[in-house]
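Visitor: Please take me closely through a single part of this model, the side of one chain that touches its partner. I would like one connected account, with the surrounding chain as background.

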Amino acid sequence: MKKTTTESQGRKGKPDKGFSRRSFLGVGIGGGAVASLPSGLEAAQAAAGGRTLGPGPVPIALRINGKVHNLNIEPRVTLLDALRNHLDLTGAKKVCDRATCGACTVILGGRAVYSCTVLAIEAQGKEIQTIEGLAPAGKLHPVSSAFVEHDAQQCGFCTPGFVMAAKAFLDRNPAATLPQIERGLSGNLCRCGTYIGMRQAVLDAARQMKGGSRA
Amino acid sequence: MPSKYDWPVAGKRSLIGKRISRLDGPAKASGAAKYAYDVNRPGMLVAKMLFSPHGHARVSSIDTSAAEKLPGVRAVRVLKAAGTELNYHGVEIAIVVADSEEIAGDGVRKINIKYEVLPHLVKEEDLSKIGNMGKPGQETTVGNPDQAFGQADVVTHEGYYGINTITHCCLEAHGQVAEWNGENCTVWASTQAVGRIGGDMAKVLANDPAFKDVKPASIRVLTDYMGGGFGSKFAPDVWGVECARLSKQTGKPIKLMLDRDQELLAAGMRPSDYAKVKVAAKKDGSVVAWQSESWGTGGPGGGQFPGIPYVFTEIPNKRTRHISVATNTGPGRAWRAPNHPQAAALTMCALEDLAHKLNMNPLDFFLKNVGLSARGDVYRAELLKAAELMDWKTKWHPRGQGGKGHIKQGVGLSIHTWGGRPHDSDCRCIINPDGSVQVQLGSQDLGSGTRTVIAIVAAETLGLPLSGVQVQIGDSNYPPSGASGGSTTVGGVSSSTRRASVKALDKLFEAVASSLGTTADKLVARDGRIVVEGDPAKSLTWKAACAKLGTKTISEIGRQPMKDEGTLADQGVGGVQMSEVEVDTETGIVTMKKSVVVQDCGLVIDLKTAESQVFGAVIMGVCSALYEERIFDQQTGTMLNADMEFYKLSGIGDVGEIVVHMMNIYDQRGVIGLGEPPAISPPAAIANAVTNAIGVRVETIPFTPDKVLAALEKGGRG
């Protein structure tokens, strides 16, 4: 199928030295990045002295947008649900809930991840950046403002995920070309059909971020 | 008759028709925008539903006691008691309300239910296998088709075409949060009908003695932002009514949003249509006769006649018959331009095949026949413009000449029409003594730019910058405005906003005229000032003028429709699309290269969001032409791809170049909605482009690689 082809090209092409949320999550093959990330789950288990965690609520600490939040949640709670249901950080959206659409994208330890497919306990010990932490209150990150300027959004439900995916991608690929951007953002989906504005927005954001206005 | 409400003429517009960024863009792009799904209320419970895993079954027994005993479960409600028939995979059976989403899910799994599985039908394409599930409609005949087909000098083509069912796949699932305060309920809903669903909910609830005092006005609906509807979110739905009921029962706010699988199974689909078509033209290309036997499904309720032949409605001799097929699949709902994409696909593909048989370039063939439509001149101008933008003359080639290697090129076209009569709308324009302005409508912004359009119209009318106007929508307490569907919103809200703003401004003029030594009729508002016309030295800033109101606030209602207050909006448009594709005959993969859209749309309020609407319509069309299909298994009666991994949408790299040309020359007609029309032609135009590329017709949409390869196998690889 067409999309699968695109994605596998994206992995093979590796314009970004191993960056791929799909491969990071181990969805499909070629997960070169998986091993390189420390496992938050292992860390959590180690902290628990090798005991099994749960099934009841357990204390966890998440470092989100520079601030530590202590929560008491079940180990099965995903990072997305922890953000949305326990911390009222609702910028990341729940859509497919199966690591396909990217509406839940956040940046975990510098890499874009599908937060619907990361357990909150696994995300401990790493810096979590959500769309709420992308720019100071009342200001827009260059990626967000480029999305506004180029009308790269309609209903806006996919937008925070795309903004985070684009931000993470541009951080690693500041000189990305349009074909590279298309591969880099192929893990996110929009239903309203805002891709035309989005192409321009991400190219424009790349220029602006290089120009020194990077947040 | 000219009216003071008329739109300013082209040279005198400061905001209308410019490229203006959507006002809620920053809130959306920074994650601050709160959708129904994002509403978290103090003490809120979460509900989840049990739905049928079968295509057709009956509930034999249902026991919820284990679920009720689960710690954290607050309520369980059975919607389909033992003995109830379940008509499709995904139909709701019971609801569990719990302290958390996770526990609600546990509760659903604890429900002990047994089913009697019944015979089902989930596939409708093969008429020989639908048993007694088809309901033939009446045959309709115009002219004398038999005689027309029998003439010696006509060329006749017969073909089979089809377009499958697809889902809406709204990214924000259907659902809401409901919260009671005494006898009043607030519902934060993901809806296209803020002003309607509260009343609809109240009517259903009032059948329950516990809710006998609930009135339509008791339920307030709020929709600040909503994550896509596309025609599927007009009703409160079972989950809306039950969310409100259970919220009252538990005394707590409840959030009930559909899970993705149920969203794709039950929350909306576009009906299918298939047709055997016979069509004939004289040797000069003039179409003289059409005959079709069509069928399709809209789920358990069957499917409507799509209205074919489409656009070319004046073909002199016609015979049509439609069979409505009831299937055990999630029910149809309005889907962006209901019936039109299907009708376009069946009609434009048959006509293109006839052009091929006549050895005619389809562009010439369509130009020859657009007189058989209601707006031949519009289509003629649009076809020529589109051909220029596509470079059709260079790119079109006879079939079988798509290129030497395994990558074949092709172009195709389609034309479409849509109504879009402006919906009824009331708008309240408030001018305060401090100079602030509020514009209030019980409307909603689906992402189409409604909020921005309202602000532009009010600011233009009042001579203010956009920042001088606060738009307040998404609340059923505001003056009633229609549901957003069928491209009716922009005409409705822009008309009512214009009238309300003119009326409010008149009141302001009356209040300040004497202080400027003139009469109200000599005043104009521009550039943030109230100015004496012809004597610009005499003026007041907007703020100073409003200060003269003292303690009085101006509040005026504008309405659509209003017979005596000018015609500000219209209905009825035509549009043309051309598609260019590449097809890999080794893999069967179709790649979009370019789409050209030439669309008649009347007066454009915001060119930027209007273009986005068109881009989006084309991209949704690409999704449905190449990727989207509900895949059903006739063995089990279930949908196999109720997820987003295998129910495919296009990604950012899959849509090719899109060129949009608005036919603004019609702007004297006023505002005409743009949501549906450009969403109609893409599947048909892409179908014809694929055929042009590979030389054979792939009969049914979507053009997935397996079907392209099968058509090549059958038709020869040229």
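Guide: In this predicted model, 53 residues of chain A are in contact with 51 residues of chain B. On the chain A side, the elements that each give two or more residues to the surface touching chain B are α1 (2–13), α4 (79–86), α5 (142–149), α6 (159–172), α7 (178–184) and α8 (195–213). Among these, α8(A) provides the largest share, with five residues. Sorted by chemical class, the residues on this side of chain A comprise 22 that are nonpolar, 15 that are polar and 16 that are charged.

To place those helices in their chain, it helps to turn to the fold as a whole. Chain A contains eight helices and five strands, and these succeed one another along the sequence in the order α-α-α-β-β-α-β-β-β-α-α-α-α. Of the 215 residues in chain A, 54% count as buried. Within chain A, when contacts with a separation of 6 or more are considered, 61% of them join residues 24 or more positions apart.

As for the confidence that the predictor attaches to this picture, the complex receives an ipTM of 0.97 together with a pTM of 0.94. For the partner, chain B, the average pLDDT is 97, and 100% of the residues score at least 70. Returning to the part you asked about, the side of chain A that touches chain B thus draws two or more residues from each of α1, α4, α5, α6, α7 and α8 of chain A, with α8(A) giving five.

Technical notes. Residues are numbered from 1 along each chain as its sequence is written. Chains are lettered from A and ligands numbered from 1 in the order in which they are written. This is a predicted model: local features need pLDDT of at least 70, side-chain atom pairs count only at pLDDT 80 or more; totals for chains, interfaces and linings use all residues. Two residues are in contact if their C-beta atoms, placed from the backbone, lie within 7 Å. Helices (H or I, at least four residues) and strands (E, at least two) are DSSP runs, numbered from the N terminus. Ala, Val, Leu, Ile, Met, Phe, Trp, Tyr, Cys and Pro count as nonpolar, Asp, Glu, Lys and Arg as charged, and the others, Gly among them, as polar. A residue is buried if 20 or more other C-beta atoms lie within 10 Å of its own, exposed if 12 or fewer, and partly exposed in between; C-beta atoms are placed from the backbone. pLDDT is the predictor's confidence in each residue, from 0 to 100.
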